[in-house]
Amino acid sequence: MAQLVFVHGVATRDTPQYRAAEKNRDKLFRQLLFTDLNLKIHSPMWGQHVPVIPASVFETDKGVPTYSLNIGSTPGSGGGGPVGGQEEISASTVSIGALGKQDPVAALDAICSQIADLAAQESRELQPEELQAFRRAAELISSDKAATAFSGDASPGMIADQLRAGGVTPLGINNPVRAAVSAVTNRVRNAASTLGFGAVRGKLSPAVGLFMGDVFVYLKDGDQRQRIRDAVAQALAQAHAEAKAGDGPLVVVGHSMGGVILVDMLADPGSAGLPDGIDVDALLTVGSQPGLFAALDLIAKHPPRRKPDCVKHWLNVFDPIDPLAFRTNMIFKDAVDLAFNSVTGITEAHSTYFQRPQFYVRSRAHLQKVDVLRGHR
């Protein structure tokens with residue numbers, strides 16, 4: 001039986017909304033990454049060991065007027081956005097279908113991310129037709145046929161039908177997949193026309209503040225840091241023991257600060273309280289910062305820096321638009337960086353990796369290539 005240890009990132013607390021999102025993420029890991037493998041998932045919760053930051057700390061924009069950016073066309077018209085600098089699309093006509101004709105993989109990710117967001121907002125599990133949309137998107141991406149989802153007029157109904165292919169439930173006008181396609185169009189259209197300073201800062205400031213708070217708590221020696229490490233060490237020890245008994249594989253995934261914690265602990269397993277002889281088949285750091293913190297000599301303090309000796313393969317996944325994600329291969333020898341594009345905003349990029357089919361497709365392809373998913377190509 002395969003063992004997966006998932007270490008969450010910053011600003012994660014034990015709430016009903018997070019638990020609903022966790023269940024959906026686990027389903028996607030089982031169906032899209034570890035397909036055909038029995039899987040046990042260990043998810044240590046360390047966020048509760050970080051003190052709560054009062055919301056009033058982030059209210060520095062009170063009384064600040066809204067400044068309209070008036071972009072007027074979709075990001076990408078200048079060559080740096082999600083549509084790759086191709087033909088410009090006016091804000092009044094932009095749609096996820098139009099974007100899908102230029103970057104279909106990123107557009108499929110955006111739709112599936114919206115599906116997961118709607119389920120999380122309603123604190124519910126993904127419905128069968130929603131899971132089918134994820135599976136179909138992954139199938140199209142892995143077979144290089146993502147563009148077929150946006151052929152013809154690429155209307156919401158047509159795209160939803162493409163994501164239903166192979167499903168057994170007919171799609172009604174209120175189907176959540178179709179609703180997600182329409183919602184993504186509205187979101188992209190709004191972003192392409194006018195961005196309000198207050199709306200952007202209202203999301204970005206707390207996100208950065210919580211990120212910094214979680215980082216400072218972990219890096220400072222003391223009881224809180226030790227409780228965080230103990231929670232992660234307990235999950236790693238249990239997964240290691242079960243992988244050893246059942247012949248693994250053991251795959252460890254760390255999102256954001258979770259990746260930093262894992263690299264820090266696995267680089268020196270003895271001082272981290274990990275079992276003697278712990279052996280990790282694959283480490284995936286996702287939207288994470290181990291390269292940055294190592295460059296600042298805050299973790300892995302003893303050069304030459306390389307992937308932890310107990311880790312066979314290290315894959316570092318990041319979205320270039322994510323301001324909280326960094327490369328690793330310039331700092332750590334034998335770490336492999338994997339970048340992929342998205343149709344998302346700078347404030348959402350960091351939190352949507354596990355809602356994107358291409359994350360699972362490309363991670364699975366890498367794990368198959370290095371023979372971690374044994375016999376399941």
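**Figure 1. Strand β5 and its neighbours in the predicted model.** Because six of the eight residues of β5 are buried, this strand is largely enclosed by the rest of the structure. The structure shown is a predicted model. On one side, β4 and β5 run parallel and are joined by six bridges. Within this pairing, V286 stands opposite V317 in β5. The connection from β4 to β5 passes through helix α10 (residues 290-295), and this β-α-β crossover is right-handed. Strand β5 also runs parallel to β6, with five bridges joining the two. In that pairing W314 stands opposite A335 in β6.

**Figure 2. Surroundings of T285 in strand β4.** T285 lies in strand β4. The residue counts as buried because its relative accessibility is 0%, and the threshold for burial is under 20%. Leaving aside residues up to four places away in sequence, T285 touches G254, G259, V263, P290, W314, L315, N316 and V317. Two of these contacts recur in the strand pairings of Figure 1: V317 stands opposite V286, and W314 stands opposite A335 in β6.

**Figure 3. The β-α-β unit formed by β1, α1 and β2.** Strand β1 (residues 2-7) pairs with strand β2 (residues 39-42) in the parallel sense, over four bridges. V5 stands opposite H42 in β2. Together with helix α1 (residues 16-33), the two strands β1 and β2 make a right-handed β-α-β unit.

**Figure 4. Helix α11 and the elements that cover it.** Helix α11 spans residues 357-369 and has 13 residues. From its first C-alpha to its last, α11 reaches 18 Å, close to the 18 Å expected at 1.5 Å a residue. Ten of its 13 residues are buried, so α11 is largely enclosed by the rest of the structure. The buried residues are P357, Q358, F359, Y360, V361, S363, R364, H366, L367 and Q368. What covers them includes the helices α1, α3 (104-121) and α4 (128-142), together with the strands β4 (280-286), β5 (311-318) and β6 (335-339). Just after α11, D371 takes a positive phi of about 65°.

**Figure 5. Aromatic pairs that involve β1, α1 and α11.** A search of the whole structure finds nine aromatic pairs. One of them is formed by F6 and F354, with an edge-to-face arrangement, 5.1 Å centre to centre and 75° between the planes. This pair links distant parts of the chain, since F6 is in strand β1 and F354 in the loop between β6 and α11, 348 residues apart. F6 counts as buried because its relative accessibility is 3%. F354 is likewise buried, with a relative accessible area of 9%. In a further pair, the ring centres of F29 and Y360 are 5.4 Å apart and the planes stand at 85°, so this pair too is edge-to-face. F29 lies in helix α1 and Y360 in helix α11, so the pair ties together parts that are 331 residues apart in sequence. Both F29 and Y360 are buried. Ring pairs link F6, F29, F354, F359 and Y360 into a cluster.

**Figure 6. Arginine side chains placed over tyrosine rings.** The charged end of R225 sits over the ring of Y218, 4.6 Å from the ring centre. In a second example, the charged end of R356 sits over the ring of Y353, at 4.9 Å from its centre.

**Figure 7. N186 in helix α6.** N186 has its place in helix α6 (residues 176-193). The residue is partly exposed, with a relative accessible area of 41%. Its C-alpha atom is separated by 8.9 Å from that of V94, although the two residues are 92 residues apart along the chain.

**Figure 8. Overview of the protein.** The protein has eleven helices and six strands. Of its 377 residues, 51% count as buried. Among contacts with a separation of 6 or more, 75% are accounted for by residues 24 or more positions apart. Such separations in sequence are illustrated by the pair of F6 and F354, 348 residues apart, and by that of F29 and Y360, 331 residues apart.

Conventions:
Residues numbered from 1 in each chain as written. Predicted model: local features only at pLDDT ≥ 70, side-chain atom pairs only at ≥ 80, totals over all residues. Heavy atoms only, no water. Pairing = 2+ DSSP bridges. Right-handed = clockwise from strand over helix to strand, strands pointing away. Expected span 1.5 Å × (residues − 1). Buried < 20%, exposed > 50% of the residue type's maximum accessible area, 1.4 Å probe, protein only. Contact = heavy atoms within 4.5 Å. Phe/Tyr/Trp six-rings, centres within 6.5 Å; stacked < 30°, edge-to-face > 60°. Lys NZ or Arg CZ within 6 Å of the ring centre and 35° of its normal.
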